[in-house]
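Walk through this structure with one strand as the starting point. The ligand comes after it.

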Amino acid sequence: MADLALPDNPEAPDVAANGVWLHCIECGHEHPPFDGIIYTCESCGGLLEARYDRYPGFDEFDGNGVWRYNAALPFEEGVTLPEGDTPLHRMPRLESEIGVRNLRIKHEGMNPTGSFKDRGMTVGVRVAEELDVDRLACASTGNTSAALSAYGARAGLQTLVLLPAGKVAAGKIAQASLHGARILEVDGNFDACLDIVQDLADRGEAYLLNSLNPFRLEGQKTIGLEILEAFYDDHGRFPDRIVLPVGNAGNTAALYKCFREMVASGDLAPGDVPKLTGVQAEGAAPMVEAIEEGLEDTRRWEDVETIATAIRIGNPVNAPKALPGVRETGGTAVAVSDEEITDAQRAIAGEGVGVEPASAASVAGLRKLRESGEIGSGEDVVCLTTGHLLKDPDAAAEAGSAPEPVENSTESVLAHLAGETASTGLLGRLAGLLR
Ligand code: F0G
């Protein structure tokens, strides 16, 4: 069983550098952070997490974006585009439709490459520089590859990405391609790509920047810090719950780390920690299965399928960090259908916020848990939307209304408008399908 408790008075072990070291969550072994390249514990193979000799409070944060939180990060600054400072949208119509006290949407699609991955990469690529590597690599359902390619390009490093063939949204491949990554399409799913890239990393071929890399999660924990600060500024309290899509469970692990550190700093009361609530697609829901069955780790799903290709993942590598996060915070996990995801994507878009399908899973999950009564009407909820609508233009066009062809004259346009105006209704969609 993973031990994620932070010590009350942390003392840097001999292996620490600048008050930072890597701690194995399974056997407790401490590793030097930057002497050599490691991703998992050399003694037992367990997951590692970055540990610090002090936990800064909110009043020590200053500046903008991810690096505002550098007192809680391994470096003062990193390779930046810049990232973070994403909006925490109010959603009044969705809030009253779903029926919660406050509904806010933290739109991570507003990061420079259009997803939360940028927060992890600004830190991860900085670490790569520290380790003096020359090639970066990741497996990806798309967004990690887009972010890694951009940050790799920024740092002047080669980038190699392994993608599941035919299962990555168009916008994401276009990004990796234009930023100059070497793109390998593997005849297999994301989990197979990750197995290969881990092998390559173990053989010293490249520096791995998937969320198995503990420094990625350090950057991503700033999502939680931004939510806590912004929600408190507006409401004078912290949100009751954060609902998020889950793939490899990196964000779930990162948010839990954020909360543990803020509790350790004394600035977040244990009773005020938001309940972490994970949402997966029905066709790729090993975390939901593990929560429902009380498992210590997930069972690997070999066959996964969902319209939300970003979270089409059957073997969430961060489950040992994330499952305790869901349980200890009093959260839960729920699976939603592709139809529920698309409905939520439309509802979010109907309030002007454009997100990709995986992101909409968070709102679909909230809706479902509210309907079942597991979430009450008095809760303050933040849904995390992880990627921008333009990442997956095909899914957006499919979910939206179809363009209507008209002849090239004002008269034809007026006649068309006066006649059949069902472009957003069923007729419009049927017309789109028939074309
Ligand atoms: N939402 C989006 C848009 C994602 O791209 C991902 C993961 C997730 C949610 C799940 O986050 O892994 O932290 O639980 N995408 C990875 C990728 C796997 O390769 O881009 P997680």
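The model is predicted. Begin with Val-243, which stands opposite Cys-383 in strand S13. That pair belongs to the contact between S13 and strand S10 (residues 241-245), where the two strands run parallel and 3 bridges join them. Strand S5 (residues 102-107) also pairs with S13 in the parallel sense, over 6 bridges. There, Leu-103 has Val-381 as its bridge partner in S13.

Now look at how S13 is covered. In a regular strand, side chains alternate between the two faces of the sheet. In S13, Asp-380, Val-382 and Leu-384 lie on one side and are buried. Val-381, Cys-383 and Thr-385 lie on the other, and they are buried too. Buried here means under 20% relative accessible area. The strand spans residues 380-385, and 6 of its 6 residues are buried, so S13 is largely enclosed by the rest of the structure.

Turn to the ligand. It is surrounded by 20 residues. The closest are Ser-140, Thr-141, Gly-247, Asn-248 and Thr-386.

Which atoms of the ligand lie 2.7 Å and 2.6 Å from polar side-chain atoms of Ser-140 and Thr-386? For Ser-140, the partner at 2.7 Å is an oxygen atom of the ligand. Asn-143 has a side-chain N or O atom 2.8 Å from a ligand oxygen atom. For Thr-386, the partner at 2.6 Å is a nitrogen atom. Taken alone, the ligand exposes 470 Å², and the protein buries 99% of that.

The space taken by the ligand is the largest cavity. Helix H3 (143-155) and helix H7 (250-265) are the elements that give two or more residues to the shell around the ligand.

Conventions. Residues are numbered from 1 along each chain as its sequence is written. This is a predicted model: local features need pLDDT of at least 70, side-chain atom pairs count only at pLDDT 80 or more; totals for chains, interfaces and linings use all residues. Side-chain values use heavy atoms; hydrogens and water are left out. Buried means under 20% relative accessible area, exposed over 50%, partly exposed in between (1.4 Å probe, protein chains only). Helices (H or I, at least four residues) and strands (E, at least two) are DSSP runs, numbered from the N terminus. Two strands pair if DSSP finds at least two bridges between them. A residue is near a molecule or strand if one of its heavy atoms lies within 4 Å of it. A polar contact is a pair of N or O atoms within 3.5 Å; within protein, one must be able to donate a hydrogen and the other to accept it, and residues adjacent in sequence count only if both atoms are side-chain atoms. Accessible areas come from the Shrake-Rupley method with a 1.4 Å probe; for residues, only the protein chains shown count as cover. On a 1 Å grid over the protein atoms alone, a cavity is a set of points where a 1.4 Å probe fits but cannot get out, and a pocket is an open set with protein on both sides within 12 Å along at least five of seven lines; lining residues have an atom within 4 Å of a point. A molecule sits in a cavity or pocket if more than half of its atoms lie within 2 Å of its grid points.
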